[in-house]
Amino acid sequence: MIDVSTQQLTSTLSDGCAQTHAPGIPAHEHHRELEPHLESFPQPAISTQEALQRRLQQYPYQSSILRQQQPAQNLLSHSTPSDMASVPKHLNFITGNKNKLAEVQAILGGVIELRNQNVDLVEIQGTVEEVTLDKCRRAAEAVNGPVLVEDTCLCFKAMNDLPGPYIKWFMLALGPTQLHHMLDGFEDKSAQAVCTFAYCEGPGHEPVLFQGRTDGKLVASRGPTVFGWDSCFEYEGTTYAEMEKSEKNKISHRGKALDKLKEWLASNVQA
């Protein structure tokens with residue numbers, strides 16, 4: 001056994017640290033010289049920053065709305081009183097995803113006519129409720145009228161509910177066939193799919209939220225890979241992608257959120 005005293009170890013570490021800076025320059029002065037380099041992390045290209053600034057200026061939401069904002073959790077609706085909002089017969093659903101549009105139309109059919117608009121919106125960082133509220137306000141400002149928006153999360157218990165609302169960036173990087181590798185280092189493969197819809201009557205109005213959650217687990221991809229992470233989210237032994245669309249809509253996070261929205265719309269759509 002090698003016996004190294006605390007004093008010897010401290011002395012050795014000190015000598016090693018002392019040799020890392022240039023001779024004749026005190027250690028604290030050397031560290032000051034390094035500080036600019038340590039703080040020089042890569043920055044986004046100027047063109048990217050300018051593009052983001054233009055989008056923020058194009059679709060701002062009023063600061064007065066922020067001051068009036070209620071806590072996100074208090075805006076989740078199960079059966080909102082009918083006098084809270086007035087919904088037109090035709091509603092702008094803000095999405096560029098054709099599969100998502102078809103799924104929403106199938107569930108809301110007979111209650112309201114959806115008209116699709118693809119608006120390029122800035123998305124903030126935050127909880128799914130905060131992200132959805134902000135997106136809805138910006139969309140209402142952009143179209144200058146009533147809108148419906150949606151945000152989807154995939155939360156891994158092993159990662160304390162990450163990636164959450166940022167799942168789309170992991171999907172872009174990994175794709176559905178590689179996404180399950182995110183949990184390779186964890187025994188717990190459980191996941192929760194979360195869907196949050198927000199309706200806003202127009203600029204200056206506070207959005208109302210409708211949320212659905214489905215528990216499952218992350219698995220290796222099975223079934224068609226045409227719709228997001230459906231092929232790697234398993235519910236009771238079957239992935240979303242392996243299900244018939246009608247069966248999926250009965251148990252999915254989106255189906256649950258839309259059931260709440262459908263009930264609310266039925267008592268709020270203008271006659």
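Here are some friendly notes on strand 3 and the annotated site around Asp-151 in this predicted model.

1. Let me start with how covered the strand is. Strand 3 runs over residues 147–156, and 10 of its 10 residues are buried. On one side point Val-147, Val-149, Asp-151, Cys-153 and Cys-155, while Leu-148, Glu-150, Thr-152, Leu-154 and Phe-156 point the other way, and all are buried. This fits the usual pattern, since in a regular strand the side chains alternate between the two faces of the sheet.

2. Next, the pairing with strand 1 and strand 5. Strand 1 (residues 90–94) runs parallel to strand 3 and is joined to it by 2 bridges; here Phe-93 has Leu-148 as its bridge partner. With strand 5 (residues 190–200) the pairing is antiparallel and covers 10 bridges. Leu-154 is bridged to Ala-193 in that strand.

3. The hairpin deserves a look too. Strand 4 (residues 162–164) runs antiparallel to strand 3, with 3 bridges between them, and Gly-164 of strand 4 stands opposite Leu-154. The two strands form a hairpin with 5 residues between them. In the turn, Asn-160 has a positive phi of about 55°.

4. Now to the annotation. An unreviewed UniProt entry places the feature "binding site" at Glu-123 and Asp-151. These positions span 29 residues in sequence, yet their C-alpha atoms are no more than 10.4 Å apart, so they gather at one spot.

5. Glu-123 sits in the loop between strand 2 (113–117) and helix 6 (128–143). Its relative accessibility is 31%, so Glu-123 counts as partly exposed. Apart from neighbours within four places in sequence, Glu-123 is in contact with Val-131, Lys-135, Asp-151 and Lys-168.

6. Asp-151 belongs to strand 3. Asp-151 counts as buried because its relative accessible area is 6%, under the 20% cut-off. Again leaving aside neighbours within four places in sequence, the contacts of Asp-151 include Glu-123, Val-128, Val-131, Thr-132 and Lys-135. Pro-165, Val-194, Cys-195 and Thr-196 are also among them.

7. Finally, which residue makes a side-chain polar contact with Asp-151? Lys-135 does, at 2.9 Å. The side chain of Lys-135 also has a polar contact with that of Glu-123, at 3.5 Å. Lys-135 therefore links by side-chain polar contacts to both positions that the UniProt record marks, and these gather at one spot.

Note on methods. Residues numbered from 1 in each chain as written. Predicted model: local features only at pLDDT ≥ 70, side-chain atom pairs only at ≥ 80, totals over all residues. Heavy atoms only, no water. Buried < 20%, exposed > 50% of the residue type's maximum accessible area, 1.4 Å probe, protein only. Helix = DSSP H or I, 4+ residues; strand = E, 2+ residues; numbered from the N terminus. Pairing = 2+ DSSP bridges. UniProt positions renumbered as here; feature names shortened; annotations may be inferred. Contact = heavy atoms within 4.5 Å. Polar contact = N/O pair within 3.5 Å; in protein donor to acceptor, adjacent residues only side chain to side chain.
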